[in-house]
Amino acid sequence: MKLELNETSFLKFFNINKIDIKNKSFLCAVSGGLDSMVLYDLLYKNKVNFCVASCNYRMRKESDNEIKMIRSVCKKNNTKFYSKVIKPLTENNGNSFQMIAREERYKWFNELMFENGCDYLLTAHHADDNVETILLNLIRTTGLKGLIGIPVSKNKILRPLISFGKDEILSYAENNRLNWSEDSSNSNEIYLRNKIRKNVIPVLKDI
């Protein structure tokens, strides 16, 4: 049964996890994509105490415009906004660009959380991301631990959209007339996750 995403159903995540949202402060990671712009909107409409952080790797042509869009929304709503350009990274010590970029991103997030006294980091991972991750882990034979997927919460990181699917998130964005950016790299099947998203997930949903 699908869950309708709205301001009330969104808050259930915090109630279930016993987080007093009115007396905590948060750092929200916003990329400018559909999921994170919906997360931002829900936080804003629920009058949550939060600030926004956006990384720019300048690996895609739309990256700078995404930052401008996020900054504009934050300025309009009087939300504290931080952005950082992280220069393109090459593979190093056997680590992929994605892994190195993630490490740099979360290192910066932790610094911002300390500076602003934030209690938690919020990311916009959702149910479809979780399915993709589990399938990736199956392919990579990571064992039982990998079948757990994306944790709801871990190390002060919360994922309040994890129970909602992409369809529910898109419906919310359209109903609330939100603006977002489409990541051009999501169509590049050089990445295994994209192959799963485009070729496997639709078949599973049909089944």
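# Notebook: sheet, loops and a pocket

I looked up Ala 53 first and found that it stands opposite Tyr 82 in β3. The model I am reading is a predicted one.

**Entry on β2 and β3.** I checked how the two strands run, and β2 and β3 are parallel, joined by 5 bridges. I recalled that strands of a sheet pair through backbone hydrogen bonds, in either the parallel or the antiparallel sense. I then followed the chain and noted that β2, α3 and β3 form a β-α-β unit, which is right-handed.

**Entry on the whole sheet.** I wrote down the strand order as β3-β2-β1-β4-β6-β5. The sheet has 6 strands, is open, and its pairing is mixed. Which strands are at the edges? I found β3 (81-85) and β5 (153-154) there, each pairing on one side only.

**Entry on β4 and β6.** I looked at strand β4 (residues 120-122) and strand β6 (residues 157-158), which pair in the parallel sense over 2 bridges. Here I noted Leu 121, which stands opposite Ile 157 in β6.

**Entry on α2.** I asked which strands α2 lies across, and they are β1 (25-29), β2 (49-56) and β4. I recorded the angle between α2 and β2 as about 160°.

**Entry on backbone angles.** I looked up phi for two residues. Lys 156 has phi near 70°, a positive value in a residue other than glycine. I located Lys 156 in the loop between β5 and β6. Arg 177 is also not a glycine, and its phi is positive, near 55°. I placed Arg 177 in the loop between α6 (166-175) and α7 (192-206).

**Entry on the second largest pocket.** I noted about 260 Å³ of space in this pocket. How many residues line the second largest pocket? I have 13 in my notes, and those nearest its centre are Asp 41, Val 73, Lys 76, Asn 77 and Leu 178. By type, I sorted the lining into 6 nonpolar, 4 polar and 3 charged residues. I also checked the helices: α2 (34-45) and α3 (63-76) each give at least two residues to the lining. I had met both helices in earlier entries, α2 lying across β1, β2 and β4, and α3 in the unit with β2 and β3.

Note on methods: Residues are numbered from 1 along each chain as its sequence is written. This is a predicted model: local features need pLDDT of at least 70, side-chain atom pairs count only at pLDDT 80 or more; totals for chains, interfaces and linings use all residues. Side-chain values use heavy atoms; hydrogens and water are left out. On a 1 Å grid over the protein atoms alone, a cavity is a set of points where a 1.4 Å probe fits but cannot get out, and a pocket is an open set with protein on both sides within 12 Å along at least five of seven lines; lining residues have an atom within 4 Å of a point. Grid points are joined across faces, edges and corners, and a volume is the space filled by probe spheres set on the points. Helices (H or I, at least four residues) and strands (E, at least two) are DSSP runs, numbered from the N terminus. Ala, Val, Leu, Ile, Met, Phe, Trp, Tyr, Cys and Pro count as nonpolar, Asp, Glu, Lys and Arg as charged, and the others, Gly among them, as polar. Two strands pair if DSSP finds at least two bridges between them. Contact means heavy atoms within 4.5 Å. Axes are lines fitted to C-alpha atoms, for helices over the stretch in contact, and angles run from 0 to 180 degrees between N-to-C directions. A crossover is right-handed if, with the strands pointing away from the viewer, the path from the first strand over the helix to the second runs clockwise.
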